[in-house]
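Trainee: Could you take one part of this fold and walk me through it closely? I'd like the cut-offs along with the numbers.

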Amino acid sequence: MAWLTEQIKDVKIRQERELWAVCAACKRHVDRSVWQADLKVCPGCNAHERLSCRERIDLLADAGSFEELNASVGVRDPLAFADDSGSYADKAKATAAKTGLGEAVVTGLARMDGRPVVLGIMDFRFMGGSLGSGTGERILLAAEAALERRLPLILVSASGGARMHEGIVSLMQMARTCAAIARLQEAGLPYLSVLTDPTTGGVSASYAMVGDLNIAEPKSLIGFAGRRVIEQTIKQKLPDDFQTAEYLLEHGFLDGIVPRRALKAWLVNALSYYRPVQPQLKVAPAAPAAGGAVAGPPWETVQLARQAGRPTIRDTIANCCDDFVELHGDRLFGDDHGLIGGFATIGGLRVMLIGHQKGKTVEENIAVNFGMANPEGYRKALRLMRLAERYGLPVVSLVDTPGAYPGLDAEARGQAEAIARNLTVMATLRTPFVVIVTGEGGSGGALGIAVGDRVLMLQNAVYSVISPEGCASILWRDGKKAPEAAAALKITAGELLKLGIIDGIVPEPAGGAHLDPKAATAAIKLAILGALTPLLEIPVETLVEQRYAKFSGMGR
Ligand SMILES: [Zn+2]
């Protein structure tokens with residue numbers, strides 16, 4: 001009878017499997033139809049179950065649009081490798097038969113909301129998504145196809161790393177795939193990298209990490225060395241969130257974490273910022289000059305410029321942008337919350353928006369370090385400015401900071417270098433650049449994102465080499481002389497216009513921007529469009545020449 005009981009048990013398990021999916025992360029049972037409808041995302045813990053490459057193609061490519069390239073490129077066996085369990089060749093054959101795949105990645109031409117792209121999707125089921133020479137060949141050819149056809153490349157990674165069975169030849173796939181990506185990027189074409197669970201080892205240390213934009217699915221495991229190896233090496237227990245997508249975002253290596261359901265729309269929208277056709281706007285020319293928009297006494301203006309209720313960049317985004325895609329991280333150390341940026345659409349114009357973010361409450365201000373950016377903020381801004389140049393997007397920079405953060409860690413990470421680098425890059429950046437000082441223009445921390453073709457100031461903003469308090473305590477040896485210092489330094493919009501430091505003044509609502517932030521952000525929007533529209537008509541060589549003439553002449 002035992003065999004019968006066993007058989008009944010088997011049938012029951014099979015039936016259960018057909019009815020229920022089990023989340024690998026939290027073990028929750030989910031009705032299989034719900035599981036499929038939710039794209040294998042657990043409703044309990046939001047874990048994103050691994051997908052096969054065919055499922056991903058269905059998710060990302062327009063129906064019927066995928067046309068596979070280089071399907072005949074299969075597994076190679078450069079070392080004629082075998083171990084105790086048999087030959088690599090046999091193993092590869094068995095894997096191919098089981099998965100119906102020729103390699104760990106499938107590449108091809110596809111359309112996404114009608115836009116042609118080259119798409120490459122890895123499949124973890126094929127030998128752990130490992131990077132063999134066949135995998136490398138397919139990715140290399142996909143990048144070359146994108147270059148030849150002038151198309152964007154999107155790669156979706158899922159991999160445990162290099163393929164041991166191919167030894168050093170596998171290691172070299174990291175170099176050759178990156179070589180092909182480098183050519184694509186040098187030609188100015190977009191490359192978007194999607195990292196899914198897991199993306200580790202040689203794939204994370206090659207093409208997966210060098211996207212113009214790197215995005216990941218929530219909770220994906222992403223990292224270089226394995227957790228166990230690290231723990232054994234450093235003899236320490238690692239934090240729970242170590243090597244998760246969320247951990248990488250905070251450490252500056254991802255632009256964003258995008259849930260599976262939103263992935264296609266996110267990618268399509270991001271590509272719409274690549275060399276966009278800008279609308280022909282009919283806007284009044286840049287903000288008015290001094291007339292009718294003169295600030296009050298300097299010290300009073302300083303108080304107004306520091307008002308907590310003044311509109312921040314996030315207010316401007318909320319009130320004036322039709323679309324904003326925040327892009328995170330400096331790809332080196334972290335993601336600065338005090339200096340933010342991303343793709344934005346303002347009055348129909350597509351731009352790269354960057355700017356300091358101050359908080360309105362103490363808690364908010366702690367989270368954004370009172371709008372005092374660290375080096376990673378300036379380096380994120382630098383990355384976004386360079387991306388804007390490559391993608392043919394104008395840059396809009398909103399300045400509002402007491403200054404760059406004067407801290408021990410900021411010095412150790414090169415605050416001065418970060419600001420200096422930005423000054424040199426902005427000087428020759430081949431795209432229109434508009435700056436508006438909306439509140440405090442604090443010294444190098446402000447200038448670090450403010451070398452623009454047009455520099456405007458809100459009526460009650462200030463822009464200065466040092467705070468009036470700092471100046472008073474150095475030169476007057478008495479911090480209480482700040483009002484005198486504020487007057488002597490000439491830091492108000494009217495005075496800076498006269499000095500030729502700025503190009504125009506944006507009027508504020510009566511009594512100051514903090515009394516009517518909505519009206520103030522509307523004025524900012526008009527000023528951006530008014531300044532930017534004529535710049536779009538100027539050939540970029542002329543623009544860069546004029547920018548040089550403008551800044552090289554200051555103080556002459
Ligand atoms: Zn779960």
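Mentor: Look at what the buried residues of helix 5 pack against: strand 3 (67-69), strand 6 (105-112), strand 7 (115-122), strand 8 (153-159) and helix 6 (167-186). Contact here is heavy atoms within 4.5 Å, and the elements are DSSP runs numbered from the N terminus, helices being H or I with at least four residues and strands E with at least two. This is a predicted model, with local features needing pLDDT of at least 70 and side-chain atom pairs pLDDT 80 or more, while totals for chains, interfaces and linings use all residues. Residues count from 1 along each chain as its sequence is written, and side-chain values use heavy atoms, leaving out hydrogens and water.

Helix 5 is mostly covered, with twelve of its 17 residues buried, meaning under 20% relative accessible area (1.4 Å probe, protein chains only; exposed is over 50%, partly exposed in between). Among the buried ones are Ser-133, Arg-138, Ile-139 and Leu-140. Its length checks out too: the 17 residues (133-149) should span 24 Å at 1.5 Å a residue, and the end C-alpha atoms are indeed 24 Å apart; the expected span is 1.5 Å times one less than the number of residues. Just past helix 5, Arg-150 has a positive phi of about 55°.

For a contrast in burial elsewhere, try two of the zinc ion's protein donors, Cys-23 (SG) and Cys-26 (SG). Donors are N, O and S atoms within 2.8 Å of the metal (3.2 Å for Na, K and Ca), water not being among the atoms, so sites may look incomplete. Cys-23 counts as buried because its relative accessibility is 2%, whereas Cys-26, at 35%, counts as partly exposed.
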